[in-house]
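Could you walk me through this structure from one piece to the next? I'm new to it and would like a plain tour.

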Amino acid sequence: KERRRGRGRYGGRKCGRGHKGERQRGNRPRLGFEGGQTPFYLAIPKYGFNEGHSLRRQYQPLSLQRLQYLIDLGRVDPTQPIDLTQLTNARGVTVQPLKRDYGVQLVEEGADIFSAKVNIEVQRASELAIATIEKNGGVVTTSFYDPRSLEILCKPVVFFLRGQPIPKRMLPPEELVRYYTDARNRGYLADPSKVAEARLELAKKYGYVLPDITKDELFTMLSARKDPRQIFFGLAPGWIVNMADKKILKPTDERLLKYYSS
Amino acid sequence: MAPRSSFSPGTTITKRARLTVSYCRSSGPGGQRVNKVNTKAEVRFHLASADWIPEAARQKMASMHRNKINRAGELIVNSEESRYQMRNLAICLEKIRTMVTEATEKPEVVSKETTQKLIERVEKMNRERLRQKKIHSDIKQSRKADFD
């Protein structure tokens, strides 16, 4: 039995607005109004859940499953050190430095399937993620990028087109110094010998044999690390990259050199 | 996280110990993932021939964890608490470490002086309590107005 039609564009007859009242006349009260009863959003007392949310540091999660997916598809090259720039170019992660993002964190999802030997540099990493990467013969490092350096790191081409010299990366604030000097987090400011010890400890804890990376053919690549003040791998702070003429300009004034090498 | 065991730290667990590790599917809810993914880790080793544990500790473990030893004499430890195989394996190893620590620890020998001190302390507390009680009782008595 067919439904009786009202005809016309927009439905016809009552036009889907119901019968009389505020509904049909388009005069309904504002969202959240409960007819005079104290609405839910005013009855519940305030509590500082979101207090200072705009000052909290956020880290975009990168699961090991996603990383394995990117490597398998060939979007990320495991034979080169993997950096935030590499991940952003491969569109593996999207980082928004303006939204209080301070980088990328490694998450354990996909720890059982992960099997790739990589030299990866992130901003935070959980213990199991570090263990998984080291089990497969890779190297993890956690390093700090202040918001300006992070923006430059994520969008290098846009920065080079500005024509400004590469700034030096700032050191982490007080709360994070402790995190980045800890060998257990593989911080970039930690003691290398302590990092080696921490690798052994993790191997004992998770019950795998730690592969010897010194005997690896990619050892030079795996041990490539950035200087604490360096943003890009091949470039030092103070240099200007000229995209149009494909040239790099380096400062010659000794005061500038002194400033940039401090 | 320094190893908490008084027993020598975990190197011996993986290298010298002949542990048989096997993975299988965990139990409980979880849909397709729990049905397909091998996340339960099981570690077993032959207790009697485990020379990396001292003899006395071995006997103690055999008696403490007799429910976990099968007919072939293997001590079985399994874990399916975590979503990740690696973490479950780490939990198994940690459980083995704690078992061995418990078995190797010597019961605390309380020296004679300490036991005597403890008894003296208890007696002194009781004496003090009775003294205070007597004082309180005298106060209450002194408030009584007995006209005789």
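Here is a tour that goes from the sheet to a helix, then to another pair of strands, and ends at the surface.

Keep in mind that this is a predicted model. A good place to begin is the open sheet of chain A, where three strands line up in the order 1-2-4 with parallel pairing. The edges are held by strand 1 and strand 4 (124-125) of chain A, each of which pairs on one side only. As a general point, strands of a sheet pair through backbone hydrogen bonds, and the pairing can be parallel or antiparallel.

Now look at the two pairings one by one. Strand 1 and strand 2 of chain A run parallel and are joined over six bridges. To find your way along that pairing, look for A:L62, which sits opposite A:L106 in strand 2 of chain A. On to strand 4 of chain A: two bridges join it to strand 2 of chain A, again in the parallel sense. Here A:Q105 is the residue that stands opposite A:R124 in strand 4 of chain A. As for how strand 2 of chain A is covered, five of its seven residues are buried, so you'd call it mostly covered.

Next up is helix 3 of chain A, which spans residues 64-73. Its buried residues are A:L64, A:L67, A:Q68, A:L70 and A:I71. Why do they line one face of the helix? Looking down the axis of helix 3 of chain A, you'd see the buried residues fall within an arc of 160 degrees, so they line one face. The general background is that an α-helix has 3.6 residues a turn, so residues three or four places apart point the same way. And what does that buried set in helix 3 of chain A pack against? The partners in chain A are strand 1 (58-63), helix 4 (84-89), strand 2 (101-107), strand 3 (119-122) and helix 5 (127-135). Just past the end of helix 3 of chain A comes A:G74, with a positive phi of about 85 degrees.

Strand 3 of chain A has a pairing of its own to look at: strand 5 of chain A runs parallel to it, over four bridges. In this pairing, A:I120 faces A:V140 in strand 5 of chain A. Which way do the residues of strand 5 of chain A (139-142) point? A:V139 and A:T141 point one way, A:V140 and A:T142 the other way, and all are buried.

Let's finish out at the surface. A:F40, A:Y41, A:L42 and A:I44 make a nonpolar surface patch of about 470 Å². One of them, A:F40, lies in helix 2 (residues 40-43) of chain A. Its relative accessibility is 60%, and since exposed means over 50%, A:F40 counts as exposed.

Finally, glance at the segment before helix 1 (21-25) of chain A, where you'll find A:R7. In general, most residues other than glycine have a negative phi. A:R7 has a positive phi of about 70 degrees, although it is not a glycine. With 56% relative accessibility, A:R7 counts as exposed. A:R13 is also placed in the segment before helix 1 of chain A, and its phi is positive too, near 50 degrees. At 72% relative accessibility, A:R13 counts as exposed.

Key:
Residues numbered from 1 in each chain as written. Chains lettered and ligands numbered in written order. Predicted model: local features only at pLDDT ≥ 70, side-chain atom pairs only at ≥ 80, totals over all residues. Heavy atoms only, no water. Buried < 20%, exposed > 50% of the residue type's maximum accessible area, 1.4 Å probe, protein only. Arc of directions from axis to C-beta. Contact = heavy atoms within 4.5 Å. Pairing = 2+ DSSP bridges. Patch = residues over 30% accessible without salt bridge, like charges linked within 9 Å, V, L, I, M, F, W, Y side chains within 5 Å. Areas by Shrake-Rupley, 256 points an atom, 1.4 Å probe, with all protein chains shown as cover. Salt bridge = Lys/Arg side-chain N within 4 Å of Asp/Glu carboxyl O.
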